[in-house]
Each structure stands twice: as C-alpha cells, then as structure tokens.
Amino acid sequence: MEEFKPFDELLQPDERWQHFVFQNSSTGNIEQSSLRARYDVIASIELHSLVPEDIQSQYVTAKMLCVYAWLYYPFHQSAEQKAFSTLEMALAQKYPAVKKDGLKKLLIRAISQGVISDQGFSHIQLNTDDPMKYTRMLPEIIPSLRNAIAHGEPILHPNSVFSVRICGEIINQLYDQST
C-alpha cells in the first residue's frame with residue numbers, strides 16, 4: 001500500500017529505485033539509477049518547435065512527472081496518463097473535424113495518411129520489408145495502455161520514460177514540416 005511520505009523524506013528518492021540499474025549511454029557502464037541520470041534522459045526528449053505551445057506545455061508536465069517519479073514512484077502512472085492525453089490532444093488538433101473519434105481512430109487516421117511511420121521512432125530499427133510494422137500496432141497498444149491507467153491499473157512499472165518518449169515522437173511526426 002502506498003504511504004504518505006513524511007515531510008522530512010519528501011526530497012529523498014523513492015526506495016524502489018534502489019532495485020534499478022541502467023546502462024549509461026556515454027560510458028556503456030551499468031550504473032545505479034540516479035536523479036541526475038533520470039533527469040538527463042527525460043530532458044533529452046524534446047518536441048519540435050512547430051508543435052503548438054499548448055501541446056508543448058502539456059508535454060512538459062508529463063516530462064516533469066517522469067522526473068518527480070524519482071521522489072514518488074507512482075508518478076509513473078501520472079506521467080504516462082499525461083503523455084497519452086497530450087498525444088490525444090495533439091491528434092485532435094491535427095484532425096479537428098474528427099475530434100470525437102477518440103485516440104484509436106485518430107491514430108488510425110494519422111497512420112493511414114502516412115503522417116506516422118516507423119522511421120519517426122528512435123527505438124525502432126527500420127524493417128525494409130515492412131517499414132510500418134511497428135506503427136500499425138500503435139492504435140491497439142496505446143489506447144490499451146492509456147485505458148489501463150485511466151481505469152485504475154494497480155500495477156506500477158517504471159516505463160513512463162518510454163511512454164513519454166513514444167508520445168513525443170508521435171507528436172513530433174504530427175507536426176513535422178514535411179507533413
């Protein structure tokens with residue numbers, strides 16, 4: 001059960017972080033997680049300047065919740081939920097005539113129009129035989145993850161950085177100059 005942190009422990013890392021390590025991208029070394037390392041990873045996730053300010057502002061909130069998950073682990077869910085809602089906001093602004101369609105249909109529309117593709121994701125090695133292999137799964141996966149969190153998923157996992165990054169990369173594709 002989650003407990004209300006005592007005031008004098010507010011700025012201490014959540015004890016669950018002692019169980020995590022990461023590979024430092026600069027050195028390749030396996031290191032204990034730290035607030036600085038977490039902050040640097042999250043700070044590196046940026047939206048293009050063409051993304052409207054209201055979307056950028058909401059996205060910064062998701063990023064900051066990711067950072068603050070260092071102090072209170074359950075903020076992972078809040079960060080993911082904020083990232084997913086910001087993605088839906090960006091899609092709805094991009095496709096205002098179909099705003100009522102919801103996240104899944106908006107993703108399908110953007111994908112079918114070629115606005116979102118595997119090429120726009122930093123973690124995907126492009127499959128030359130099927131350059132949309134990953135992207136085609138997103139309309140099922142993203143709404144499912146969002147709905148699990150929105151409807152009280154009790155499982156806490158440290159994937160908020162990944163979810164925030166994916167949402168940011170989709171938003172960047174929506175507002176890419178070439179689209």
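Leaving aside its neighbours within four places in sequence, which residues is T86 in contact with? In this predicted model, the residues that T86 touches beyond those neighbours are I55, Q58, Y59 and I171. T86 is found in helix α3, and it counts as buried because its relative accessibility is 1%, where the limit for a buried residue is under 20%. With T86 as a starting point, the overall layout can be considered next, followed by the helices and a pocket.

The protein has six helices and two strands. Read from the N terminus, the order of these elements is β-β-α-α-α-α-α-α. Of the 179 residues in the protein, 38% are buried. Contacts that bridge long stretches of sequence are also well represented: among the contacts between residues at least 6 apart in sequence, 64% join residues at least 24 apart.

Helix α1 spans residues 35–43, and its buried residues are A37, R38 and I42. These residues cover an arc of only 130 degrees around the axis, and therefore sit on the same side of α1. A general feature of helices is helpful here: an α-helix has 3.6 residues a turn, so residues three or four places apart point the same way.

Helix α3 holds a second buried residue to look at alongside T86. Q77 is found in this helix, and its relative accessible area of 17% makes Q77 buried. In sequence, Q77 and R146 are 69 residues apart, while their C-alpha atoms lie 9.5 Å apart in space. R146 in turn belongs to the buried residues of α5.

Which residues of α4 are buried? The buried residues of this helix are G102, L103, L106, L107, A110 and I111. The cover over them includes α3, α5 and α6. Just after α4, G114 takes a positive phi of about 80 degrees.

Helix α5 runs from residue 138 to residue 150 and has 13 residues. From its first C-alpha to its last, α5 reaches 18 Å, close to the 18 Å expected at 1.5 Å a residue. Its buried residues include L138, P139, I142, P143, R146 and I149. Seen down the axis of α5, the buried residues fall within an arc of 125 degrees, so they line one face of the helix. Among the elements that cover this buried set are α3 (75–94), α4 (102–112) and α6 (160–174). Helices α4 and α5 thus appear in each other's cover, as α5 is among the elements over the buried residues of α4 and α4 is among those over the buried residues of α5.

Is S144, another residue of α5, buried or partly exposed? S144 counts as partly exposed because its relative accessibility is 47%, a value that falls between the 20% limit for buried and the 50% limit for exposed. The C-alpha atoms of S144 and K104 are separated by 9.2 Å, although the two residues are 40 residues apart along the chain. Just after α5, G152 takes a positive phi of about 90 degrees.

Helix α6 brings the description back to T86. G168 has its place in α6, and at 2% relative accessibility G168 counts as buried. Between the C-alpha atoms of G168 and T86 the separation is 9.0 Å, with their positions 82 residues apart along the chain. When neighbours within four places in sequence are set aside, G168 is in contact with L47 and Y59. Y59 is also one of the residues that T86 contacts.

Finally, there is a pocket to describe. The second largest pocket has a volume of about 290 Å³. Its lining consists of 13 residues, and E3, K5, D14, E15 and R16 are those that lie nearest its centre. By side-chain class, the lining divides into five nonpolar, one polar and seven charged residues.

Definitions and conventions. Residues numbered from 1 in each chain as written. Predicted model: local features only at pLDDT ≥ 70, side-chain atom pairs only at ≥ 80, totals over all residues. Heavy atoms only, no water. Helix = DSSP H or I, 4+ residues; strand = E, 2+ residues; numbered from the N terminus. Expected span 1.5 Å × (residues − 1). Buried < 20%, exposed > 50% of the residue type's maximum accessible area, 1.4 Å probe, protein only. Arc of directions from axis to C-beta. Contact = heavy atoms within 4.5 Å. 1 Å grid on protein atoms, 1.4 Å probe; cavity = no way out; pocket = protein on both sides within 12 Å on 5 of 7 lines; lining within 4 Å. Points joined across faces, edges and corners; volume = space filled by probe spheres on them. Nonpolar A, V, L, I, M, F, W, Y, C, P; charged D, E, K, R; others polar.
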